[in-house]
Amino acid sequence: MVFSYEHYMNLLFHLDHAKESVPPEIAKRIVSNAIAPVITVTSTPQLDNHIQETYNIDSLYMLLRYFGGCVSDRDQANELVGKQELDVTHPTNPSNPVSSLIVPSGQQQPPLKARRGRSRSNSLFQRDSTQSQYIRFTKPIDDIVAIKSSNDMLFDYHSLEIYLEQYLQLIATNTNNSTPYELLKNSIYHNFFSLAISSTTQLSPYETFNHPIVSLIAVDISMGQTYDDIRDLLVEFKNLNTTTPNFPIFMNTNDMLPIFLLCYDANYQEQFEICQSLTKRLKKQLFVESLILPLWNEQYEIDIKVDLHQPIMSSLEEMIYFLQTPFSAKLSISLINSIYNILDSLIYDLMLPFMKRKLLFWEETILQPRRSLFHGAKFLKKFMTKNNNGPQENILTKDSEGNEYFAFSSTELLMRKLADWSMMISDFKTAYSTYESLSRDLDTFPKYLASCLEWCATSLLMGAQSIVTVKMIKNDINPLIERALQTYENCAITLIQDTTNKVFAEQSVEPLRSYETRCMILLSELFLSLSDTWTSTPYAITYLETILTECKLGPCSQIQIWERLSDCYKLRIDPRIRYKINDTATTTTTVTTTTADKVVATPSTDKPKTIQWESDLESKLGSGKNILSKGFTRRRKSAFFRLIAAKKWAEQKQWRQVAWCLKDMESIYDATDLGKRDDLIVAKLRNLLDENIGGDDGNFKLKDEKLSADHIEVSS
Amino acid sequence: MTQKTLITPAENSTTITQMDTSRSSRLYTESLMFKKDNVSLSAMTFLYQEMISYLHQSSTTMAEFEKKLSNYGESIGLRLLELLNFRASLSPKSFIDSSSSATTTTATTTTTSNITTTSATTGTGTAKIISENRTRSKSTTSKLANDTRTSSNSALRDHNTHHHHHHHTLEREKNLDVSLCKYITKMRRRDLKILDILQFIHGTLWSYLFNHVSDDLVKSSERANEYMIIDNSPVLTQFIPNNNNASLSCNYFVCGIIKGFLLSAGFPCSVNPHTMSTDEFDERLVYLIQFDQEVLEREALRA
Amino acid sequence: MPQYFAIIGTQDNPIYEAEFTNPTSKNASSNEGGFPNDLKELNPFILHAALDVIEDLQWQPNPTVNNANGGGGIGIGYFNSNTSSNSSLNSTGFLKSRTSLGGNNSASDNCYLGKVDHFYGLSITAYLTYNGMKFVMIHGDASKSNTNEKDITFNYNEEINSKTSNGNRNKAMVPLDDNAIRSFYQEVHELYIKALMNPFYNLNDPINDSSFDMRVRRLAKKYIT
């Protein structure tokens, strides 16, 4: 089955693909996924109950969240096709708690062709990022607003650490020491990466990526909900600003598109007709769009059922929850396809046009005047506003808790929205120019400025210009990043200096640090996805090191960064000799045993003419195959950082990771004998490993399996 | 031969105990300076011929013979690379200034040589290179090379070493500063380019070995990786009649020296001898040096 | 100020290793003046990791560390430096880089490479012999060697609290006396040549000679305190 984005991110459950190479530009896809437009799902209690009865899923939101990600991939549906192609006796560990194999009976039903005419092509291999639009689902707005943290923290490193630990534990149980791990390790890092840079629940005042764009309001037609219910819901939605306590001042429902989802039972033809007439009526009278979904159908009972896998990206809390209490939902294949069709229609017919309209509107009202002749001169602007005595738009507004933010109507925030939405639809050029223009205005607002600069750099790396050149990196991107970091630092410093209470100061710095951490992780990974690794990796390395020295992360998270550093060095190969590296074996030095005699003895039966007599010296120095690449790689450094990572994994008692790290280093260190000396760390780590894992290739057994007589087992 | 160095070749390193200074090696106590010395030509060629016939008997093919002979040369070339570069780093001016203080000590009389005679017990021998007093010596700055560590011609030294060896070694270890580093202001540059190192071979190495610079250094016009060093009358093989292929193979020793020199400096290559007689020089020999392609590529990359 | 010195052969194998400790340390603890234990077992690997950069410099006509590192040493922040070949590596200026500013190659000495790399407070200097042997040395900081051994290793929290600017990332550098170190390397080079003169010593063999060891230590005492 074709290797897909979802396969890669959930590689643990698709270990049959473990030997593929790292997908190109995966970082960009993850970033696109991370900033994808957010759709909040609100549904009525009746609908939720009905769903609960039929599908054993708590609410519509819980149902729809499985369908986030790249909709055109249809990865929930593809799972079925893939399973039918696989052999029943699966080579990987059968006791896989999250996605178990089913033996399908009945006919194979191929998924319906996706829209846009790309039937089975995969988002992973799309060159043009605009072809695959990502979306994310999130809870109803009031829920999000209610749990908004008061200190603007972007992500909680503590929860990240917990998630990582559990994920690693899962890996340790489901693999053994000889599982091909290179891709898996990359996948783990990218999972970590994706979590660190996105969270669907945190609403940030400084950026608008997590602010919902579409509000999907669902009603249950089969339960008799009517036009009036819908109208009430719409009114409620429009008034959310005022009715909800603590609604953030930087958000507004005007900028959200309400769409109604009419769920009906397909067994009853009249319900379908009701839906259709309702659709027309809603459009005419309430000016709101709606979609219809046959959520219940007799056919679904007899249809092939598919186990849904967890979405690639959802909030950290949800992912931890599902990791701890695995739960798999089953849906019929035709329902899945229907849902995908609805989502297709939502995205391409409703959401994207809405976004583009808004973008156009903002552009005309905000950007055009700025491009006028007089805008650049600030004093002139002040002069004009003084005359007008108009409202000062660039003052921060205080919200109910006393924090100061830009209000949703302020030009600055709208411009930020413009830029962010351009990023979401992959229009990086506009995004870049908007960010740049905005950054000039935000000089006096460091927290906003820092975020703006960071995303300015990101837009460049994602493809604002068609190629990223070395010069561009040096002159544009890097200075932007440095400025952003400097701004973050200044914020932190002023914060610490202002408050006298040290503990409180540290705590208030943390949210800022989380932005900084996110910034560094994001940018370093994007640097690594550039093709000229010789020039780009040093920057990635610098930023990763910044994370290690400045940002607060849990221990396992830090080790991920160490391992990424090692990967950076491994990637650092001068492009001129890259072809050489691919030819020769992975070892840098060829070891030949040197004999005391200068003559290499050969058996007398060999034909003398065919023997190449290598001189003793030649054998020691290598005969020229490797000399070209000398100095143009950093493989030894890469192995060294792996070693440090292994040491730290041992401290955290993650023995599977230690085993894999040691394997990585084998080729480099065994050649030099450093790996075997007992007083040195490699040997010590090996001993530790043997003590803790024992034989049988390091298989960990689950807790409830009893020890069997023929295995040597050690509890982890 | 008088031997002070005990060495059992098993370990390939001198194993000395601290206490046993009476038998300690003079490996580190000798200076690396030049000492002119003469060895008889007949002894040298005899030894060379013995070496060749030994190798001839123990090899089954010509290729094997050539390789073995070349191997001997390579170990010399390896050492010469370091030694000659080091000596070239000594700035003559500073040496002359302080030479007055240095010559008072006895330690500066000997130099370590690149080639030593073997002890009688081991069969593998490396020969000495003779320096002849050639009238057409072109080098003025380089001192005549050559000395052996263990067999010396100076009666005085023999006398010292035999009778006062114990006493003197202790003295040497304590008082004498045999280090030449104080005469070095900066080390000679490592040669990174083909042309630089070939110049060094043509000039310094050849003068060291044969007391004159090589007769020509030529770059081949046909192939980019071929260079030639020309010797109008090779010294070591002058008594070997030059009439067949076998006699050509006897020149692999010097090829080995060049090859070892280049290999250890990081220029993998192969060196082969060819005859090219002219009217004036009947025995004219060309050492053809073919560098591996990677060397040229590296030079292009690192330009 | 402990140092760890090694001679590394052409196949990345150390043929000689020695740790030099500072004998004048006042503390009478057991690990007086030496590296902390977890560094001891890591030292050869630190040197091994620096070999990449050394190899790069080995073949550069103008060996400057910036050319080789291109902006990323181990543990240094390069925010304030350009990666142009003529700027000095370390903004605090402890060690001159090996540039010849006039572009005149022939004048400079390219055996001694100076400081090539560093690792969280430890500096690594290197020297090349003519036949490709690499003399490498880690310079530790004695002020930290007797305290909590985590200080030299990978604990960054103290740096966070005391950080006020980007330049602080360089603050843990150990001042190096360029000339003394170069002289030390040259003397050891001479000793190495003498060891090489032994006809039974083959290239890349380990140097087990106690006489060699004694002399090297004597030199270390003389030049590197």
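These legends accompany close-up views of a predicted model.

**View 1. Domains of chain A in the predicted model.** Chain A is divided into domain 1, domain 2 and domain 3. Domain 1 is assembled from the segments 24-84, 129-145 and 206-360. Domain 2 covers 427-557, and domain 3 joins 573-581 with 631-696. Taken over C-alpha atoms, the centres of domain 2 of chain A and domain 3 of chain A are separated by 31 Å.

**View 2. The interface of domain 2 and domain 3 of chain A.** Here 6 residues of domain 2 of chain A are in contact with 10 residues of domain 3 of chain A. The size of an interface is often given as the accessible area lost when the parts come together. Between these two domains of chain A, the buried area is about 590 Å², and carbon and sulfur atoms give 58% of that area. The rule finds 0 salt bridges across this interface, and 1 residue pair is in polar contact, with both residues at pLDDT 80 or more.

**View 3. The side of domain 2 of chain A that touches domain 3 of chain A.** The elements giving two or more residues to this side are α21 (533-550) and α22 (555-571) of chain A. By residue class, the side divides into 3 nonpolar, 2 polar and 1 charged.

**View 4. Secondary structure and burial in chain B.** Chain B has 9 helices and 4 strands. From the N terminus on, the elements of chain B follow the order α-α-α-α-α-α-β-β-α-α-β-β-α. Chain B has 303 residues, of which 55% count as buried. Among the contacts in chain B with a separation of 6 or more, 70% come from residues 24 or more positions apart.

Technical notes:
Residues are numbered from 1 along each chain as its sequence is written. Chains are lettered from A and ligands numbered from 1 in the order in which they are written. This is a predicted model: local features need pLDDT of at least 70, side-chain atom pairs count only at pLDDT 80 or more; totals for chains, interfaces and linings use all residues. Side-chain values use heavy atoms; hydrogens and water are left out. Domain bounds come from an automatic or database domain assignment. Contact means heavy atoms within 4.5 Å. Buried area is the accessible area (1.4 Å probe) that two parts lose on being put together, summed over both. A salt bridge is a side-chain nitrogen of Lys or Arg within 4 Å of a carboxyl oxygen of Asp or Glu. A polar contact is a pair of N or O atoms within 3.5 Å; within protein, one must be able to donate a hydrogen and the other to accept it, and residues adjacent in sequence count only if both atoms are side-chain atoms. Ala, Val, Leu, Ile, Met, Phe, Trp, Tyr, Cys and Pro count as nonpolar, Asp, Glu, Lys and Arg as charged, and the others, Gly among them, as polar. Buried means under 20% relative accessible area, exposed over 50%, partly exposed in between (1.4 Å probe, protein chains only).
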